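Here is a friendly walk through one protein chain, written for someone who is new to reading structures. Take a moment to turn the model around before you read on.

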Amino acid sequence: MTEPVRPPDLSTEQDFDGDSFAPLYTTTVTVTGGTAAHGRASGRARSDDGFLDLDLRLPAELGGDGRGTNPEQLFAAGFAACFHGALSLVARQAALDPATISVEATVAFGRSPQDGGYALHIDLVVDWPGVTPDAAAPLLQRADALCPYARMAWHGTPTTITLAP
């Protein structure tokens, strides 16, 4: 029998007043190109701890065989899980039960009208039975401000790209 999983002890009540980014967790995922030498089409994604280890494939809508996970699915899963965690935290702080919350993330991959490059569009739908829209609205706003995926989507994330030596 396994022990129940407990929510993390993270809190919005513990203010941070540091001068720079303070990482709490870091992970690395390496993607290789596979038979097509193209990470999206035939790649493999593996985390540094080995728990994530899966084939990447283009969805059929983009010309692939659709026989594997694609980056948009992984991003949608990460975004939905992170937003769910943030909403669960603020719900508990408001003395509301987060047990029935579900978050659906839809990620659309397409072309940007600004420059013709590729872009993502994200839609989150929160289902929270028994909680009125008026009660949920301020908590959704707090979760939106707290969730790092939402912050990344709305405000950008510092990114560096370097060539390994």
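## A pair of strands and their turn

In strand 5, the residue that bridges to G110 is A119. This pairing belongs to a longer match: strand 4 (residues 102–111) and strand 5 (residues 118–127) run antiparallel and are joined over 10 bridges. Please keep in mind that this is a predicted model.

How many residues lie between strand 4 and strand 5 in their hairpin? There are six, and G116, which sits in the turn, has a positive phi of about 80 degrees. As you follow the two strands, it helps to know that side chains in a regular strand alternate between the two faces of the sheet.

## The whole chain

Now zoom out. The chain contains four helices and five strands. Starting at the N terminus, the order of these elements is β-α-β-β-α-β-β-α-α. Along its principal axes, the C-alpha trace spans about 50 × 50 × 35 Å.

The chain has 165 residues, and 22% of them are buried. Among contacts with a separation of 6 or more, 40% are between residues 24 or more positions apart.

## Salt bridges

The chain has four salt bridges. Three of them are set out here.

| Pair | N to O distance |
|---|---|
| E72 and R40 | 2.7 Å |
| R44 and D53 | 2.9 Å |
| R44 and D55 | 2.4 Å |

Start with the salt bridge between E72 and R40. E72 is in helix 2 (residues 71–93) and R40 is in helix 1 (residues 39–42), so this pair ties together parts that are 32 residues apart in sequence.

Is E72 buried or exposed? E72 counts as buried because its relative accessibility is 11%, and the cut-off for buried is under 20%. Its partner R40 has a relative accessibility of 22%, so R40 counts as partly exposed.

E72 also has other company. Setting aside neighbours within four places in sequence, E72 is in contact with R40, V107, F109 and L120. V107 and F109 fall within the residue range of strand 4, and L120 falls within that of strand 5.

Next, look at R44. This residue forms a salt bridge with D55, with the closest N and O atoms 2.4 Å apart. The pair links distant parts of the chain, since R44 is in strand 2 (residues 44–47) and D55 is in strand 3, 11 residues apart. Salt bridges that share partners join R44, R46, D53 and D55 into one network.

How exposed are the members of this network? R44 is partly exposed, with a relative accessible area of 32%. D55 is partly exposed as well, at 34%, and D53 is partly exposed at 35%.

## A closer look at D53

D53 lies in strand 3 (residues 53–55). Which residues does D53 touch, not counting those up to four places away in sequence? They are R44, A45 and R46. The side chains of D53 and R44 are also joined by a polar contact of 2.9 Å, and this pair forms a salt bridge too.

For a sense of scale, compare D53 with T157. These two residues are 104 residues apart in sequence, and their C-alpha atoms are 25 Å apart in space.

## The largest pocket

Finally, turn to the empty space. Rolling a probe the size of a water molecule over the atoms shows where such space is left. The largest pocket has a volume of about 2,300 Å³.

Which residues lie nearest the centre of the largest pocket? They are Y25, C82, C147, P148 and Y149, out of 43 residues that line the pocket.

Several elements share in this lining. Strand 1 (29–32), strand 2, helix 2, helix 3 (133–146) and helix 4 (148–155) each supply at least two residues. Helix 2 gives the most to the lining, with 10 residues. Helix 2 is also where E72 is placed, so you can use E72, with its salt bridge to R40, to find this helix again in the model.

Key. Residues are numbered from 1 along each chain as its sequence is written. This is a predicted model: local features need pLDDT of at least 70, side-chain atom pairs count only at pLDDT 80 or more; totals for chains, interfaces and linings use all residues. Side-chain values use heavy atoms; hydrogens and water are left out. Two strands pair if DSSP finds at least two bridges between them. Contact means heavy atoms within 4.5 Å. A polar contact is a pair of N or O atoms within 3.5 Å; within protein, one must be able to donate a hydrogen and the other to accept it, and residues adjacent in sequence count only if both atoms are side-chain atoms. A salt bridge is a side-chain nitrogen of Lys or Arg within 4 Å of a carboxyl oxygen of Asp or Glu. Buried means under 20% relative accessible area, exposed over 50%, partly exposed in between (1.4 Å probe, protein chains only). On a 1 Å grid over the protein atoms alone, a cavity is a set of points where a 1.4 Å probe fits but cannot get out, and a pocket is an open set with protein on both sides within 12 Å along at least five of seven lines; lining residues have an atom within 4 Å of a point. Grid points are joined across faces, edges and corners, and a volume is the space filled by probe spheres set on the points.
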